[in-house]
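Here's a quick tour of a protein model, written for someone new to reading structures. Keep the 3D view open and follow along.

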Amino acid sequence: MSDRPSHSSPTPTPFIQVNQAIATLVSHKQAWVQTSISDRIAYLRQCVDRVMTVAEPWAIAANIAKGIDPQSALAGEDWLTGPVAILLTLQGLIKTLEANGQLKPPEIARRADGQWVAQVFPDNLLDQLMWLGFQGEVWIEPDQPATQGQIYRKIAQSNLQHGAVSLVLGAGNVSAISALDSLHKLFAENQVVLLKMNPVNAYGGEFLEKALHPLIQAGFLAVVYGDAELGGYLCQHAQIEAIHITGSHHTHDAIVWGSTPEEQQQRRAAQNPILTKPITSELGCVTPILIVPGIWSVGDIAFQARQVASMVTHNASFNCVAAKVVITASGWPQRDEFLHYLHQALAAIPPRKAYYPGAHDRYQAFLAHYPQATALGTCIEDSIPWTVIPAVPPHADEYALRTEAFCGVLAEVTLEATDAKDFLAKAIPFVNESVWGNLSCVLLVDSNTQRRYKPELYKAIAQLKYGAIGINVWTGMMFMLAGATWGAFPGNSLDDVRSGRGIVHNAYLFDHPQKTVLRAPFRIFPTPTWFADHKNLRQVAKHYANLIANPSLGKFLRVILAALKG
C-alpha cells in the first residue's frame, strides 16, 4: 500500500457560517436565473480546467479512504466515478447550452404506441469508435412531448422566472454524485445550491470546492460540512426552498415523515408530512440481473459470470446499482454451469475494505435470515466476503428481495420457465412487483436469442418499470453518461418512495424523461472498465480524463491502446 497520508475529514461548518452561506445564496438566486447562456458556458469551461488540476489528488484521496493502492489498476475506479464522470457531465452541458438548451439528439422516433424515444449515445465520432455496438436511449413519458430545456426556452423571459435555493444532501459512496447533483440543480433546474457533504466522504470536499470554484466564487454554490444534526436543521431552514438527496430511503422518510417509526406511521396515516417543501431523491435499489435463457458458449458463460461478479464487487458493493439478485430460468440447461462460473468469478476477486458505515451489521442481518448463505474467496480484516444466497424463494416478502444489502451479498432466485419467451413473461412482472426499488435492472441475452425473440424482448423492455435498464451492460455505465437520465421510474409517491422521485444528469435536458435504456454487445471488447479484473484501469481512466477535457485524435489513441492492455 502507498504510504501517502490519508486526508482527514474537514471541521464541521459552524451554524453561523452555514447561515451566512445561505444568505449569500439567497442574495444571488435571482442573478443566477438571469445569467446568460454564454456566461453559463464560461463557468462550465472553467470548471473543466479546474477538475483536471485536482483529478489525481481527488482520486488518490478516495483510493486511500477505501483501502486501495493508488498505484494499482483498481485505483482507476475512483478516477472514473469521480473526475471522469464530472468531466463528461460538464462537457455534455456545454454542448447542450451551445445549442441554447435544445441539443438535437442523433435520432428521435415514436414507438407504435406514440411514445417518443431519443437516441443520446453515442452522439459523436469518438464515442462511436470507443463504444462499438453501444446504443443509449432516453424514453419520454407516454403522452408527453420530447421537448427540451424548458428553463432555456424561457431565457428571454428571465424577469418572469423566480430564483430558488436548493439543498443537496451529498452521497457518501461515489465522489462524483454530489457534484453532479449540484450541477443538475444549477443548470437543469435553475436553482442555486447549498451542498452538504456526506461525512463518509467529506474528505473530497476540498477537491470539489476547487473544481467548482468559479460557481462558488460567484455566489451560486456553497459547500458545508456536518452530520445529521446539520442536515435536519437545513431541511427545515426557512430559506431552503427545495431539497435533493442521494442516499437511503430510511433517511428520506426521516426527513419527510419524522424521526421515529411511530411518528412516521401517524403522519402517513394523516397525510401530514413534516416536510412541506419539494424534495427529489435517488434512494437505491435491489438491482435484479435477468439471465435470459439461450445457448451460450463456454466463453460466453465465463464472460457474463465475470460481468455479474463485477456488478456485485465494484466499489466494494457500496453502489445503489450493485447487482443484488440474479434471476435464472429453471429450465435453462446451462443454469448450473453459469452459477458455478459466477461463484468462481466472485471467489477470484480480492476482498475489499468495507468502508461504508453499517456494512457489517447489514451483512449479519442477511446471514441471520439465510443460514444457507455461502461466503466465497478470502476475507481480510475490515472486509466482508463476497457472499451468495442460493435458492431464495421468488416471493415479494423475502428479506433479500425487499432489503438492499449495500454490501457484497448476491441473492439467487430461480423462476419456473423454459425458454426466453416463457422467462420474460414471468420475470418482468416479478421484478416490477416483487423486487424492491425501481432504479436499475439488467438483462443479459445472447445475440441469437435477441433475434429469435425480438418482439418479446422489445415488449419486455417497454414493460420494465425501472429508470435505468441495461441490455448486456451494467447500469453503472449509465451513471457515467451525461446524456442518460438517472433516477427512479416515475410515479413513486412520498409515502412509498421506493428508489426516489425525480431525475438528475439528463444533459440533453428532456422535460419529461421516463427511463434510459443502454444496449451493448453480448461480448464487449476490450475489457469493460467496470470489470473487477481489468489489468490497466488506472491508465485507461487517466487517459480518458485527458481526452474528455480536451479531445484530440492522439489522446483518443492513448485511451484505446491503454484499454487493449486491460
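## Ground rules

Two strands count as paired if DSSP finds at least two bridges between them. The strands themselves (E, at least two residues) and the helices (H or I, at least four) are DSSP runs, numbered from the N terminus.

This is a predicted model, so local features need pLDDT of at least 70 and side-chain atom pairs count only at pLDDT 80 or more, while totals for chains, interfaces and linings use all residues. Residues are numbered from 1 along each chain as its sequence is written, and side-chain values use heavy atoms, with hydrogens and water left out.

## An open sheet

Let's start with the sheet. It's an open one made of 6 strands, in the order 6-5-4-7-8-17, with mixed pairing. Strand 6 (221-225) and strand 17 (500-501) sit at the edges, each pairing on one side only.

Now zoom in on one edge. Strand 5 (residues 192-197) runs parallel to strand 6, and 5 bridges join the two. Which residue in strand 6 is the bridge partner of lysine 196? That's valine 224.

## Helices 10 and 11

Helix 10 (residues 249-257) lies across strand 4 (165-169), strand 7 (242-246) and strand 8 (279-282). Its angle to strand 8 is about 170°, where axes are lines fitted to C-alpha atoms (for helices, over the stretch in contact) and angles run from 0 to 180 degrees between N-to-C directions.

Helix 11 (residues 261-270) is hardly covered: of its 10 residues, the count of buried ones is 1. Here, buried means under 20% relative accessible area, exposed means over 50%, and partly exposed is in between (1.4 Å probe, protein chains only). Just after helix 11, glutamine 271 takes a positive phi of about 50°.

## Inside or outside?

Is threonine 287, in strand 9 (residues 287-291), buried or exposed? Threonine 287 is buried, because its relative accessible area is 0%. Leaving out residues up to four places away in sequence, threonine 287 touches several residues, including Cys320, Val321, Ser440 and Cys441; contact means heavy atoms within 4.5 Å.

Isoleucine 16 belongs to helix 1 (residues 15-33). With a relative accessible area of 58%, isoleucine 16 is exposed. Its C-alpha atom is separated by 49 Å from that of leucine 126, and the two residues are 110 residues apart along the chain.

Leucine 561 is in helix 21 (residues 553-563). Leucine 561 has a relative accessible area of 55%, so this residue counts as exposed.
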